[in-house]
Amino acid sequence: MFEIVFLGTSASAPSVKRGLSSQMVKHNEYRFLIDCGEGTQRQILQSGLGFKHLSHILITHGHLDHILGLAGLLSTFMRWETIDEMNIYGGRWALDRIHDLLFGVVLRGAQPPMKIMLHEIKPGVFFENEDFTVSSFSVHHRGADCLGFKFEERSRRPFLPEKAETLGVPAGPLRRDLVNGKTVTLDDGRRIRPDDVLGPLKPGVWLVHVGDAGRTEGLLEVCREADALVIEATYLESEADMAQQFSHLTAKQAAELAVQAGVRQLILTHISRRYREKDVLTEVQAIFPNASVARDFDVYQIKQIS
Ligand SMILES: [Zn+2]
Ligand SMILES: [Zn+2]
């Protein structure tokens with residue numbers, strides 16, 4: 001299961017109710033901050049997430065409404081909080097600007113309080129462990145190297161402890177070997193196969209996050225059958241010309257992508273102050289009913305329907 005906590009859902013400038021772009025994706029003890037608009041550190045505090053485990057920060061692109069909060073975060077870490085390292089992942093253009101911001105403006109020759117690593121990523125998997133992978137893909141927006149992110153749980157066969165109990169497999173390394181697909185031999189000589197204690201394959205869930213985007217062409221494949229798609233909707237269709245001019249999407253375009261890709265759930269963010277939330281919701285739900293408009297501090301759990 002992934003959980004996504006929206007920390008800032010406003011486009012370009014904050015509003016009274018919405019902070020600038022940022023969200024946290026959680027999977028067990030892992031946390032990935034996606035974008036870090038100005039004011040994100042206060043949103044992190046208010047959400048109750050805190051600064052621990054904040055060592056992976058993914059950046060969709062280098063526009064200021066998505067990166068300025070990194071300066072404040074680092075400034076705070078220089079005084080009070082410490083994390084072991086800060087890994088920032090993004091395209092070249094975003095990282096160059098972040099480098100200027102952190103090393104040129106905030107640090108200015110001072111020693112950072114932790115290792116700061118800027119990882120340039122290209123489309124493909126850039127983080128993986130035994131439970132899930134995180135990959136990036138290209139997104140068309142103003143500026144080069146804009147990225148979206150896909151969080152993909154690995155499919156797995158659940159361990160059935162009651163079966164292991166009945167067969168007399170003791171807790172510990174033997175059960176671990178069975179989970180890892182190895183046949184084991186018990187003290188009494190009986191051989192137990194993984195099939196004896198594992199249930200049917202359960203597909204993992206997928207969460208796709210698209211930041212600012214000027215068009216949906218090219219996103220269909222990566223979004224296909226995602227359990228949840230989080231995507232910007234800065235404009236309404238009534239101002240589609242302006243959306244195109246500034247390389248943003250309308251709620252209708254986001255909804256059409258969700259329909260074509262056959263996603264299960266659609267969550268819109270990067271909402272402009274120029275619209276009422278209910279108008280955005282009306283436009284999107286007319287085309288894709290299982291859609292919502294994220295608000296700051298909203299939490300969504302993306303899990304398998306059982
Ligand atoms: Zn933006
Ligand atoms: Zn942008």
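## Helices over the sheet

In this predicted model, helix α10 (residues 251-261) lies across two strands, β13 (228-232) and β14 (266-269). Its direction makes an angle of about 155 degrees with β14. Helix α11 (residues 277-285) lies across β14 and β15, and here the angle is about 165 degrees, taken to β15.

## The sheet underneath

Those strands belong to an open sheet of 7 strands, ordered β7-β8-β9-β12-β13-β14-β15, with mixed pairing. β7 (124-128) and β15 (291-293) sit at the edges with a single partner strand each, so one side of each has no neighbour in the sheet. From one strand to the next, the twist averages 20 degrees.

Looking further into the sheet, β9 (residues 147-153) pairs with β12 (residues 206-210) in the antiparallel sense, over 5 bridges. Within this part of the sheet, glutamate 152 stands opposite tryptophan 206 of β12.

## The zinc site

Now for the metals. Which atoms coordinate the zinc ion (ligand 2)? They are NE2 of His61, ND1 of His63, NE2 of His141 and OD of Asp212, at 2.1 to 2.3 Å. Along the chain, these donors follow the spacing H-x1-H-x77-H-x70-D. Both histidine 61 and histidine 63 are buried.

Why is the arrangement around the zinc ion (ligand 2) irregular? Its 4 donor atoms subtend angles of 89 to 166 degrees, and tetrahedral would require all angles to lie between 85 and 135 degrees.

Aspartate 212 also has a second job to report: this residue bridges the zinc ion (ligand 2) and the zinc ion (ligand 1), with the two ions 3.6 Å apart.

Terms used: Residues numbered from 1 in each chain as written. Chains lettered and ligands numbered in written order. Predicted model: local features only at pLDDT ≥ 70, side-chain atom pairs only at ≥ 80, totals over all residues. Heavy atoms only, no water. Donors = N, O, S within 2.8 Å, 3.2 Å for Na, K, Ca; no water. Tetrahedral: all angles 85-135°; square planar, octahedral: opposite > 155°, others 65-115°. Buried < 20%, exposed > 50% of the residue type's maximum accessible area, 1.4 Å probe, protein only. Pairing = 2+ DSSP bridges. Helix = DSSP H or I, 4+ residues; strand = E, 2+ residues; numbered from the N terminus. Axes fitted to C-alpha atoms, helices over the stretch in contact; angles between N-to-C directions. Contact = heavy atoms within 4.5 Å.
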